[in-house]
Amino acid sequence: MDQTFSGEHLFAGHAGQFFVVLSFGTALLAAISYYFSTIKDTADGSWLRIARIATWLNTVSVIGIGASLFYIIYNHLFEYHYAWAHSSRALPVYYIVSCFWEGQEGSFWLWTFWQAVLANILVWKAKTWESPVMTIVMVSQAMLASMLLGVEIFGERIGSSPFILLRDAVNLKEMAPVLFADPANYANYLTYIQDGNGLNPLLQNYWMVIHPPTLFLGFASMIVPFAYAIAGLWQRRFSEWVKPVFPWALFACMILGTGIIMGSFWAYEALNFGGFWAWDPVENASIIPWITLIAAMHVMLAYKNSGHSYFTATFLVLISFVLVLYASFLTRSGILGETSVHAFTDLGMFWHLVIDIVLFGLLAIYFLVSRWKQLPITRKDEETYSREFWLFIGSLVLVVACLQVIGTTSLPVVNAMFGTKFTIKEPIETYNKWQTNFATVIAILSGLSQFLKYKNSDPGKFYKKLGITAAISAVLTVGAMLLTGVYSNPMLAILSFAAFFTIAANGDILLGAIRGKWKLAGSSVAHIGFGLILVGALVAAYKNKVISINNSGAGIPVKDFEKTNKSGENIMLYKDEPVQMDKYTVTYVSDTTDYPNTFYKVNYKVFDKDGKIEEEFNLYPNAQQNEKMGLISSPDTKHYLTHDIYTHATAAPQIADHQEHEGHTESEEYQEPLTFEVNVGDTVRYKGGFIVVVSVNKNATIKDIPLEANDIAVGMNLEVHAGEKIYPAEPLYLLKGGNQPMDFGRRVDDAGLMVRFTKINPDKNNLELLVYQKKVQERKWIVMKAIVFPYINLFWGGTIIMVAGFLLSILRRNKELKRN
Amino acid sequence: MKKTSIIGLIIIAISIGVIISIYADTSTYGNFSEAQEKQSELVVVSHLNKRKKFTYDPHKDANYFAFYAIDNKGKECQVIFNGTKPQDFEKSEQLVITGKMSGENFYASRILMKCPSKYNKDQVEIKANGSSAVKSGI
């Protein structure tokens, strides 16, 4: 007999699952119809009509999936595994959006959603390219939809659906064997599941709301250049596809670049990575296709203007999308396991993701090989003094730079394939060492080729401009090195020279652009941005300085680390005790808890030599006391134009949550009591003051308890002297019925005391007084780390300028398209 | 021969060089016994011994964190890390530690934790509406 369950809302899930299957079916139908529309030129355009209707239905079903999922999460329907795993009731509405893409299924949805949007734009704009290009786009759309299917075929589950029920995903009976052994309880299982797992607190940040959509729009838009390249080969419109693809490629680079930068800024501002780029495999995976597409655009430009480098351009466009799929494989298959801190875990889609890469890889290889002989490859040699030649060289250098990143990031893949155990000991240093060399060459080339014309240029003019620019950059480099103090390493000096060279050379072009050749502004602005990024990254990466060096023990490094001579980078701050850190006097002033966040107010002061305050600011690093994850801290940063001061609490005492358990017993709150035998007029001392026994009140009354004839109630009138203040108190002693002793203690909270009158000793002729002192609160403390990042604004400024450059270029290329 | 072909060959040569040096730069994952033998820097895949207490007393030293880890061969070793206790350390399932053996202790310069259980392990928290049901059930 089938078990029935009460309280479930199955309609939303059924609707969602229906849309998932529909989106797969329509994508497949659209791909097939577009295919026939491409190869069979039917006069009535019936295939095209079917394809467009299928595309439109696909868009509707993708939106349907999103709406159903949103409904489920928004209404806290925890009978669905996705809602249970990624949301909770306490979550504010704006983070519900983030829950959406915290899981793999949601991020696949985001991707398929953007791809549907792009598909609609292509249907509208692509004209003669529509059928072949959309064939490829809809194949990709079908592949993405298949990732969400979650349907079993021949015993294999295909994809992972966000609409799987909790009771299907998890064996609830195992979780609570006794409770759910009772079928009545099991049928009502939902009443026992009151809250979801919640959103990872690290992701409860507004960056999580905007970073993933931007990144996935970037990934999704990479399909368009790929589809155009395939369509060009397929339809033998070999050189035609390059022009319409240009704005698309620029768009993909701009959006993906923006997404990556957002991630980097998020890591710097809100996570405690202590930097803006960590060469984590997940970061690398997203930047590799970005770089190859940048390289592709440069050779496409060379091809458009000179007819050279056709194969390189096509190949790079194709490989960029395959690398997007590879990135998706790396982050989603669980293969990164030991090397990444933030990859997803395996959802059982390892081979599905592999098939995705292989499918598109084979598609690219097939068309390249089958059209090889017809490709417009020039047999002519390029001139040395021509721009196309150096664009080509520059792109190759970018590719080799990528190769180093891919090679190193793929070590876990190599290990999985060959059973090896390769690893890198110091990944960041290794990447930096390699990439500074590549970056130097690329920066020089992106300056140099600005002085060259397509086809051929006058060497004399070229050398003259080169000489002037090199001289200017040399001056700038020396100036910058003196200013920032980066002169220890010759390689860094050369890199900063290269960066200034590209800034100067492109600055020259930009000046020309302002004087009228505005067309050229886009690329020069983007290159200036790139140069600034290099300078900023270089200075911030090599000159960032941990100032929270622990030298309380007179500069002695941490015990047992004497050999490595690495002193501790974390410093202990007790509340209200100033600590000298570099030029700053740092004090932990106070904290405010807004459960679950605690903000520590840390005051920074700089004194001049007369002891006057020269500079003062407060930072509020925050630590979240999370039930599931322990202490989670977020940094706070003071931004200046020339430097940032980054502060982050690396350890803090766990704050007991008073709301959670009530009824503290008195023994928990107070220390062991002091026992005194006293008489009227006596004075007893306690830590923090003294108590005077003023009088004894033999006619004491007890509130709410009427006294009976035999009851004896005695009060002891006390004066508690705590500091300058005096507090009266009257603890009571009661002999109920003349023989049952009881007492009523009195709290003197302001003095942190409780007093009890517990006994009358007729034989000794005195009274017993118990004094309880509150437990001394542990001195408040935090351990923190502070880093100064000099000139980091060059880096962020550079990223913004680069994105602006992309935007200008898109506008220009779009105009060119319209003119034709 | 075309100039681009020559450059192509040079680039291929450089690429091969890059790839070879990537693998020359690598080391392999090891274990504590190997670290003991080699006395050089090594990357060890291990997991935290949750039964033993770890030491982190910021009042004494904010940069001294010691714990016991067990490598894949089952050997246990005390690991000393120059820093604070990483967040959520108690819940880690795997620790990839880079460092050197000195005496009986392993001195770590880098710790990479893996805690997939954080959000993905399906440990359903079952709470009852009426508290009596809990007592009778779980």
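**Figure 1. Strands β14 and β23 of chain A pair in the antiparallel sense over 5 bridges.** This predicted model offers a handy residue pair to start from: A:Val678 stands opposite A:Leu767 in β23(A). Strand β23 itself covers residues 766-773 of chain A. Step back a little and the pair turns out to belong to an open sheet of 4 strands, in the order β14-β23-β22-β21 (chain A), with antiparallel pairing. Its edge strands are β14 (674-678) and β21 (746-748) of chain A, each of which pairs on one side only. From one strand to the next, the twist averages 25°.

**Figure 2. The domain assignment divides chain A into domains 1, 2, 3 and 4.** Domain 1 takes in residues 1-199, and domain 2 takes in 225-424. Domain 3 is written in two pieces, 571-655 and 781-790, while domain 4 spans 670-773. If you would like a distance to keep in mind while you look around, the C-alpha centres of domain 2 of chain A and domain 4 of chain A lie 82 Å apart.

**Figure 3. A look at confidence along chain A, where the mean pLDDT is 86.** Here 92% of the residues reach 70 or more. Among the elements of chain A, helix α11 (residues 223-234) has the highest mean pLDDT, 97, and helix α22 (residues 666-669) has the lowest, 61. Two stretches deserve a pause. Over residues 552-565 of chain A, pLDDT stays under 50, and the model has 18 contacts beyond four places in sequence for them. Over residues 657-664 of chain A the pLDDT is also below 50, and that stretch has 1 contact in the model beyond near neighbours in sequence. Where pLDDT is low, the predicted coordinates should not be read in detail.

**Figure 4. A:Leu476 sits in helix α19 of chain A.** The helix runs over residues 459-484. Is A:Leu476 buried or partly exposed? A:Leu476 is partly exposed, because 18 other C-beta atoms lie within 10 Å, while a buried residue would need 20 or more. Leaving aside residues up to four places away in sequence, A:Leu476 touches A:Phe500 and A:Ala504. For a longer view, pick A:Lys815: 339 residues along the chain separate it from A:Leu476, and their C-alpha atoms are 36 Å apart.

**Figure 5. Strand β5 of chain B pairs with β2(B) and with β6(B).** On one pairing, 5 bridges join β2 (residues 42-48) to β5 (residues 94-102), and the two strands run antiparallel. Look there for B:Ser46, which stands opposite B:Leu95 in β5(B). The pairing of β5(B) with β6 (residues 105-114) is antiparallel too, over 9 bridges, and B:Met101 stands opposite B:Phe106 in β6(B). The hairpin of β5(B) and β6(B) has 2 residues between the strands, and B:Gly103 takes a positive phi near 65° in this hairpin.

**Figure 6. Chain B as a whole has 4 helices and 6 strands.** Follow the sequence and the pattern reads α-β-α-β-β-β-β-β-α-α. Of the 138 residues in chain B, buried residues make up 30%. Among contacts with a separation of 6 or more in chain B, 46% come from residues 24 or more positions apart. An unreviewed UniProt entry annotates residues 6-24 of chain B as "transmembrane region". In the model, that span is 100% helix and 0% strand, and its end C-alpha atoms lie 27 Å apart.

How values were computed. Residues numbered from 1 in each chain as written. Chains lettered and ligands numbered in written order. Predicted model: local features only at pLDDT ≥ 70, side-chain atom pairs only at ≥ 80, totals over all residues. Domains from an automatic or database assignment. Pairing = 2+ DSSP bridges. Axes fitted to C-alpha atoms, helices over the stretch in contact; angles between N-to-C directions. pLDDT = per-residue confidence, 0-100. Contact = placed C-beta atoms within 7 Å. UniProt positions renumbered as here; feature names shortened; annotations may be inferred. Buried ≥ 20, exposed ≤ 12 C-beta atoms within 10 Å, placed from the backbone.
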